[in-house]
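Subject: Handing over the structure we discussed

Dear colleague,

I am passing on the structure that you asked about, and I would be grateful if you could keep it open while you read. My notes come after it.

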Amino acid sequence: MNGSGERADREDFGFEERMRELLAEDAYAVRPSSAPYPAIRRRGLAERRRRAAVAGAALMTLAAVPVGAYAVSGGGGGRADTAVPRPSVSTPHGPTGSTGSTGPSGGGPSASSAPASPGGPARPATDGQLLDGITFARAADGLAKCLDAEGGPPGSAADLGEAGDYRIILAIGSTGDSNAPGDGVHIAAVKERPAGRWVVCSVKDGVASGISAGAIDASVPGTGPVSVDANSGELYQQSYIDKGHWKLPFRWGLFGTAEASVAEVTVSYGDGAPVTATLDHGWFVAAGLLDRQVTLAPHVKGYDKAGQQVYDSDQDRTYQRTLP
């Protein structure tokens with residue numbers, strides 16, 4: 001009897017031990033594992049770095065930098081480009097301000113500077129500033145899309161305003177490169193207030209794909225009667241990645257400011273004949289086609305009403321003469 005009781009006690013004790021082990025195993029199995037904090041933290045840091053990089057790139061693109069802040073790069077020596085541009089399809093015209101003159105070369109259709117619709121941008125001085133089959137309606141729509149997609153909140157440093165604040169001065173086809181694949185359209189537009197403010201809008205397949213902005217400050221020491229902002233170089237060059245291997249033929253454009261004393265501006269890109277720029281409310285605009293590689297930026301010259309040269313970009317210390 002006594003032996004049977006001891007055996008029963010041992011069996012009960014063994015059963016209890018086994019139950020405790022099973023319950024402990026079950027409790028461990030259903031206990032939620034701890035959150036992978038290190039992995040989450042790494043993802044959070046990576047996301048913050050990505051957002052910071054995107055924000056920094058946007059601010060760099062939208063920064064308005066006076067043209068005088070850029071020093072000459074590789075300014076010495078003769079002009080040794082090998083590019084031969086085809087004749088520009090743009091028609092040269094003079095300013096359409098108070099004088100209403102048509103410029104040294106004269107002729108060509110003119111366009112009203114009134115906006116196409118309430119709230120929209122103003123038209124360029126001439127229809128010859130809308131190239132490659134781009135209509136004004138298409139250019140105005142593209143500019144509005146870019147400003148809506150890329151501009152910052154109202155009142156912020158990145159606030160570029162609305163389409164109605166601008167006048168379109170150039171619209172050309174854009175050539176895709178390794179940095180920004182796919183052809184599209186470039187639209188250059190300027191603001192009356194503050195003076196010298198400009199934007200270049202990029203549109204591909206009807207969708208805004210980027211915008212650059214800058215300002216030309218003619219009060220910067222060393223700035224001449226003609227000024228070009230180095231930030232607008234995307235209109236006349238392709239990606240540095242493709243240096244020496246540009247996609248050709250390449251439609252190029254160039255714009256800048258011209259004082260009232262300037263009656264004519266010519267632009268040479270490569271070894272071809274100079275293109276006479278259009279003068280439009282204090283701005284000059286030129287465009288052309290390249291079918292060979294280039295290493296030097298467009299060569300800009302300005303002349304007064306007497307035909308005397310008053311500006312040469314080769315002598316301008318604020319002009320970036322050599323392409324990156």
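What follows goes from the overall make-up to the cores, then to a few loops, some backbone details and a cavity.

Please bear in mind throughout that this is a predicted model, and that the values below are computed from it. The protein has 324 residues, of which 42% count as buried, and its secondary structure comes to three helices and 13 strands. Among the contacts with a separation of 6 or more, 62% are between residues 24 or more positions apart. The surface that the protein exposes is about 17000 Å², and carbon and sulfur atoms supply 55% of that area.

I would begin with the inside. The largest nonpolar core has 24 residues, and those that touch the most other members are Trp252, Leu254, Val265, Val267, Tyr269, Phe284 and Val300. At least two residues of this core come from each of strand 7 (250-258), strand 8 (264-268) and strand 11 (283-290), with strand 7 giving the largest share, four residues. There is also a second, separate core, which is made of 22 residues and includes Phe136, Ala139, Leu143 and Ala208.

Two buried residues in loops seem worth looking at together. Thr175 lies in the loop between strand 2 (166-174) and strand 3, while Gln238 is placed in the loop between strand 6 and strand 7. Thr175 counts as buried because its relative accessibility is 17%, which is under the 20% limit, and Gln238 also counts as buried, at 6% relative accessibility. If residues up to four places away in sequence are not counted, Thr175 touches Asp183, Gln238, Lys247, Pro249, Phe250 and Arg251. With its own neighbours within four places in sequence left aside, Gln238 is in contact with Thr175, Gly176, Asp177, Trp246, Lys247 and Phe250. Lys247 and Phe250 therefore appear in the contacts of Thr175 and in those of Gln238, given that contact means heavy atoms within 4.5 Å. Gln238 can also be placed relative to the largest core, since its C-alpha is 9.6 Å from that of Trp252, a residue 14 positions away in sequence.

A third loop residue, Glu259, is found between strand 7 and strand 8. Is Glu259 buried, partly exposed or exposed? Its relative accessibility is 40%, so Glu259 counts as partly exposed. Beyond residues up to four places away in sequence, Glu259 touches Gly224 and Pro225. Glu259 and Ala218 are 41 residues apart in sequence, yet the distance between their C-alpha atoms is 9.1 Å.

The backbone has a few details that you may wish to inspect by eye. As background, most peptide bonds are trans, and most residues other than glycine have a negative phi. Where, then, are cis peptide bonds found here? One joins Arg193 and Pro194, with omega about -5°, and Pro194 sits in the loop between strand 3 (184-191) and strand 4 (197-204). Another cis peptide bond joins Leu248 and Pro249, again with omega about -5°, and Pro249 belongs to the loop between strand 6 (226-227) and strand 7. Pro249 has been named above, as one of the residues that Thr175 touches.

As for phi, Asp132 has a positive value of about 55° although it is not a glycine, and its place is in the loop between strand 1 (85-86) and helix 3 (136-150). Asp132 counts as partly exposed, at 42% relative accessibility. His281, likewise not a glycine, has a positive phi near 50°; His281 is in the loop between strand 10 (278-280) and strand 11, and is partly exposed with a relative accessible area of 30%.

Finally, I looked for enclosed empty space. The count comes to one cavity of 30 Å³ or more, and the volume of the largest cavity is about 30 Å³. Its lining consists of Val228, Asp229, Ala230, Tyr236, Thr318, Tyr319 and Gln320, and by class these are four nonpolar, two polar and one charged residues.

With best wishes,

A colleague

Definitions and conventions. Residues are numbered from 1 along each chain as its sequence is written. This is a predicted model: local features need pLDDT of at least 70, side-chain atom pairs count only at pLDDT 80 or more; totals for chains, interfaces and linings use all residues. Side-chain values use heavy atoms; hydrogens and water are left out. A nonpolar core is a set of buried Ala, Val, Leu, Ile, Met, Phe, Trp, Tyr and Cys residues joined through side-chain atoms within 4.5 Å. Buried means under 20% relative accessible area, exposed over 50%, partly exposed in between (1.4 Å probe, protein chains only). On a 1 Å grid over the protein atoms alone, a cavity is a set of points where a 1.4 Å probe fits but cannot get out, and a pocket is an open set with protein on both sides within 12 Å along at least five of seven lines; lining residues have an atom within 4 Å of a point. Grid points are joined across faces, edges and corners, and a volume is the space filled by probe spheres set on the points. Ala, Val, Leu, Ile, Met, Phe, Trp, Tyr, Cys and Pro count as nonpolar, Asp, Glu, Lys and Arg as charged, and the others, Gly among them, as polar. Accessible areas come from the Shrake-Rupley method with a 1.4 Å probe; for residues, only the protein chains shown count as cover.
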